[in-house]
Each structure stands twice: as C-alpha cells, then as structure tokens.
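Student: I keep running into labels like "buried" and "antiparallel", and I'd like to see how they get decided. Can we go through one example together?

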Amino acid sequence: MSFWEYLAGRHQQLLTDAWQHASAVFQCTVLATVLGVLIALATYRSERAGALATTATATVLTVPSLALIGLLIPVVGLGVPPTVIALTLYGLLPVVRNAIVGLRGVDPALVDAAEGIGMSRTARLLRVELPLAWPPILTGVRVSTQMLMGIAAIAAYASGPGLGNEIFRGLASLGSANALNQVLAGTLGIVALALLFDAGYVLLGRLTIPRGIRG
C-alpha cells in the first residue's frame with residue numbers, strides 16, 4: 001500500500017488524532033503562558049528572583065520527556081493528566097524568559113508617567129507594561145508551541161492523545177506493511193500542525209502589535 005493510499009484509508013482517524021494533538025498543545029500552551037507571565041510578573045523586578053525563575057524552568061528541560069511522563073504515570077495515571085502536566089512544564093521556559101525580558105525592557109519613563117496621572121499598580125501593568133512587553137511574550141509563546149508540538153508525540157507512551165499514537169504504532173510494528181506509512185503520517189501531521197500554528201501566531205502578531213513596535 002502506498003503512502004497516499006494509506007492516507008485515504010485512514011484519513012478519518014488521522015484527522016481525529018490531529019485534532020486531539022492540536023487541542024492538547026493549544027490548551028497546554030495557554031496554561032504555560034498564563035503561569036509563565038504570572039511567574040515573570042512576580043520576579044522581573046529582582047535580578048536574583050528572575051534568574052531563579054529562569055533557571056528553575058530551564059531545569060525542567062533537562063529531564064527527558066519520556067522519563068518525566070513515566071514518572072508522572074504512578075502519580076496521576078495514564079492519559080490526559082500526565083500529558084497536560086508534562087507539556088505545561090516544558091512550555092514554561094520560553095514564556096518566562098521572554099516575559100521577564102519584555103517587562104524589564106519597558107521604558108521606566110512611561111511607567112512613571114502612568115503613575116503620575118494616577119494609575120494604580122494593576123492599571124499600569126495591564127495598560128502599559130504588559131502591552132509593551134507583548135511582542136517578546138508572543139515570541140516566547142511561539143517558541144513554546146513549536147517545542148510542545150514535538151514533545152506531545154511522546155504522550156502516546158502514557159496513552160495520551162494525538163499523532164504520537166500513530167508514530168508509536170508504526171515503531172512498534174517495524175517490518176510490517178504499513179509501519180513506515182504510520183510513522184510518516186504521524187510525523188508529517190505534526191509538522192503540518194506546527195506550520196499552521198506558527199502562521200496563526202504571525203497573524204495574531206499583526207493584529208495585536210502596532211506597526212511601530214513591530215518595526
């Protein structure tokens with residue numbers, strides 16, 4: 001069976017796996033973004049705290065994804081829970097690092113001016129600092145998403161959702177008629193999703209970042 005015949009015969013299952021893969025990555029990216037920005041807001045004013053936050057989130061990336069998911073299985077079981085926890089943890093570093101850089105890069109004069117006209121601390125954060133820090137934060141979110149696209153495939157080890165199941169089935173049956181087709185379909189599906197997500201971020205940037213800031 002050719003690759004195209006395999007796709008035609010399995011397109012419904014592949015579309016389902018692709019949707020689950022995209023959904024898992026999207027939801028975990030949102031969680032990582034919210035947590036990452038909150039961590040950055042809590043630490044960016046202090047060099048020591050910022051360095052600690054960056055180092056702590058970077059340390060997570062030194063743990064092999066397969067090992068981390070394997071360690072989570074006895075604690076939270078199989079399926080979605082270990083997938084969400086692992087992907088969220090792996091997605092933190094780019095968001096935290098870029099959010100800290102972005103917040104520290106805001107012109108202090110603008111913050112002082114906002115304070116001078118009576119803005120509260122919360123208002124300055126929401127209306128001045130975070131909007132100006134948004135371009136680097138968005139870049140961090142893009143990097144995080146691309147990382148999670150690949151790592152999400154490992155979630156199949158813990159019965160997680162997504163195209164990793166197709167890859168693992170192919171690897172487990174190497175030598176059989178459709179093993180290579182399965183691996184290729186899963187891999188190309190992940191690449192296609194990564195490109196679609198990145199195109200979405202480019203569009204989001206154009207819609208949310210003023211032209212002067214985009215440079």
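Student: What share of the contacts in the protein with a separation of 6 or more comes from residues 24 or more positions apart?

Tutor: That share is 76%. Keep in mind that this is a predicted model.

Student: How many helices and strands does the protein have?

Tutor: There are 10 helices and 0 strands, so the order of elements from the N terminus reads α-α-α-α-α-α-α-α-α-α. The C-alpha trace spans about 70 × 40 × 20 Å along its principal axes. Of the 215 residues, 42% count as buried.

Student: Let's try helix pairs. Why are H8 and H9 called roughly antiparallel?

Tutor: Their axes cross at roughly 155 degrees and come within 7 Å. Angles over 145 degrees count as roughly antiparallel, so H8 and H9 get that label. Their crossing is left-handed.

Student: Which residues meet there?

Tutor: From H8 you have Glu166, Ile167, Arg169, Gly170 and Leu171. They meet Ala179, Gln182, Val183, Ala185, Gly186, Thr187 and Ile190 in H9. Sorted by class, the contact of H8 with H9 has 6 nonpolar, 4 polar and 2 charged residues.

Student: Glu166 is in that list. What makes Glu166 count as buried or exposed?

Tutor: Look at its relative accessibility, which is 0%. Buried means under 20%, so Glu166 in helix H8 is buried. Leaving out residues up to four places away in sequence, Glu166 touches Tyr6, Arg10, Leu14, Asp17, Gln182, Val183, Ala185 and Gly186.

Student: And how do you know whether Gln182 is buried or exposed?

Tutor: Use the cut-off again. Gln182, which lies in helix H9, has a relative accessible area of 12%. That value is under 20%, so Gln182 is buried. Not counting residues up to four places away in sequence, Gln182 touches Tyr6, Glu166, Ile167, Arg169, Gly170 and Ser173. The C-alpha atoms of Gln182 and Gly164 are separated by 9.9 Å, with their positions 18 residues apart along the chain.

Student: What about Leu15: buried or exposed?

Tutor: Leu15 sits in helix H1 and has 53% relative accessibility. Exposed means over 50%, so Leu15 counts as exposed. The C-alpha atoms of Leu15 and Leu163 are separated by 9.2 Å, although these residues are 148 apart along the chain.

Student: Back to helices. Why are H1 and H4 called oblique?

Tutor: They pack at an angle of about 50 degrees, with their axes 8 Å apart. Under 35 degrees would count as roughly parallel, and 65 to 115 as roughly perpendicular. An angle of about 50 degrees fits neither of those ranges, nor the one over 145, so H1 and H4 are oblique to each other. The crossing of H1 and H4 is right-handed. On the H1 side the contact is made by Ala24, Cys28, Leu31, Ala32 and Leu35, and on the H4 side by Thr83, Val84, Leu87 and Thr88. By class, that contact has 7 nonpolar, 2 polar and no charged residues.

Student: What makes H6 roughly antiparallel to H7?

Tutor: The axes of H6 (residues 108–116) and H7 (residues 121–151) cross at roughly 165 degrees and come within 10 Å. That is over 145 degrees, so H6 is roughly antiparallel to H7. H6 passes H7 in a right-handed crossing. Here Leu110, Val111, Ala114 and Glu115 in H6 meet Arg124, Val128, Glu129 and Leu132 in H7. The class count is 5 nonpolar, no polar and 3 charged residues.

Student: Which residues have the most contacts inside the largest nonpolar core?

Tutor: Those are Tyr90, Ile137 and Met149, in a core of 41 residues. H7 supplies the largest share of this core, 9 residues. Leaving aside neighbours within four places in sequence, Ile137 is in contact with Val37, Asn98, Ala99 and Leu130.

Student: One last thing: what makes the phi of Ser159 worth pointing out?

Tutor: Most residues other than glycine have a negative phi. Ser159 is not a glycine, yet its phi is positive, at about 60 degrees. You'll find Ser159 in the loop between H7 and helix H8.

Terms used
Residues are numbered from 1 along each chain as its sequence is written. This is a predicted model: local features need pLDDT of at least 70, side-chain atom pairs count only at pLDDT 80 or more; totals for chains, interfaces and linings use all residues. Side-chain values use heavy atoms; hydrogens and water are left out. Axes are lines fitted to C-alpha atoms, for helices over the stretch in contact, and angles run from 0 to 180 degrees between N-to-C directions. Helices (H or I, at least four residues) and strands (E, at least two) are DSSP runs, numbered from the N terminus. A crossing is left-handed if the near helix is turned anticlockwise from the far one by less than a right angle, and right-handed if clockwise. Contact means heavy atoms within 4.5 Å. Ala, Val, Leu, Ile, Met, Phe, Trp, Tyr, Cys and Pro count as nonpolar, Asp, Glu, Lys and Arg as charged, and the others, Gly among them, as polar. A nonpolar core is a set of buried Ala, Val, Leu, Ile, Met, Phe, Trp, Tyr and Cys residues joined through side-chain atoms within 4.5 Å. Buried means under 20% relative accessible area, exposed over 50%, partly exposed in between (1.4 Å probe, protein chains only).
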